[in-house]
Amino acid sequence: MKNIFLLVLFSLGFSYGFSQIGGSVQSSQSTEKKWRLGASAGISFGDNDYLALSIAPSVGYNLGYGLELGATLGYQLNKNNYFRSNLISGGPYINYMVVPQIFGRVHYEYYTGNQKSKISSNEYNINESALWIGGGYESGGAIRFRAGILYNVLYKENNNSIFSSAIRPFAGIVIAI
């Protein structure tokens with residue numbers, strides 16, 4: 001996992017250096033629309049009748065020079081034969097366009113909710129933070145597609161985390177207004 005994190009950091013650093021040579025991001029974003037409204041949704045299936053549903057709207061503001069500052073708010077439902085959990089998440093993010101259509105992202109999220117065991121009827125409160133670092137691709141135009149991969153630097157294996165892995169792919173739609 002540390003190798004993946006180092007690879008992402010190296011890639012972002014290399015891309016940042018390349019963008020300083022190219023210099024085209026700063027001038028091309030000066031006339032762009034400033035606000036970004038977005039959303040992502042997901043559905044997963046698995047063993048033991050596992051089902052996961054999620055939705056996460058976002059709002060961002062283009063500060064210029066390749067920087068976007070924003071926040072997300074999300075809801076997740078996870079259930080299988082053994083448990084059911086409801087989570088609400090939210091937090092700020094920063095995107096930096098290292099070159100046109102390629103961005104780096106730092107995103108802090110706080111997750112809160114509960115999980116109920118279907119076997120023992122025990123209920124547990126969930127409170128967990130995640131600091132996602134990574135990047136991805138963003139198409140151009142007024143309606144944009146974003147996709148990428150993030151790594152949770154706060155993730156610890158065997159720590160009763162709500163995450164099964166430190167790696168999270170993402171995809172969504174963003175509207176520039």
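Here is a short chat about the strands of this predicted model.

Student: Okay, which strands close into the barrel, and in what order?

Tutor: Eight of them do, running β1-β2-β3-β4-β5-β6-β7-β8, and the pairing is antiparallel. From one strand to the next, the twist averages 25°.

Student: And what holds paired strands together in general?

Tutor: Backbone hydrogen bonds do that, whether the strands of a sheet run parallel or antiparallel.

Student: Let's zoom in on β5 and β6. How many bridges do they pair over?

Tutor: There are 15 bridges, with β5 covering residues 102–117 and β6 covering residues 123–138.

Student: What sits opposite glycine 104 in β6?

Tutor: Another glycine, number 135. Next along β5, arginine 105 has glycine 134 of β6 as its bridge partner.

Student: Switching to the turn there, which residue takes a positive phi?

Tutor: Serine 121, with phi near 65°. That hairpin has five residues between its strands.

Student: What about the other neighbour, β7? How many bridges tie β7 to β6?

Tutor: Seven, again in the antiparallel sense, and β7 spans residues 143–152. One place to look is tyrosine 137, which stands opposite alanine 147 in β7.

Student: How many residues lie between β6 and β7 in their hairpin?

Tutor: Four. Glycine 141 is in that turn, and its phi is positive, at about 100°.

Conventions
Residues are numbered from 1 along each chain as its sequence is written. This is a predicted model: local features need pLDDT of at least 70, side-chain atom pairs count only at pLDDT 80 or more; totals for chains, interfaces and linings use all residues. Side-chain values use heavy atoms; hydrogens and water are left out. Two strands pair if DSSP finds at least two bridges between them. Helices (H or I, at least four residues) and strands (E, at least two) are DSSP runs, numbered from the N terminus. Axes are lines fitted to C-alpha atoms, for helices over the stretch in contact, and angles run from 0 to 180 degrees between N-to-C directions.
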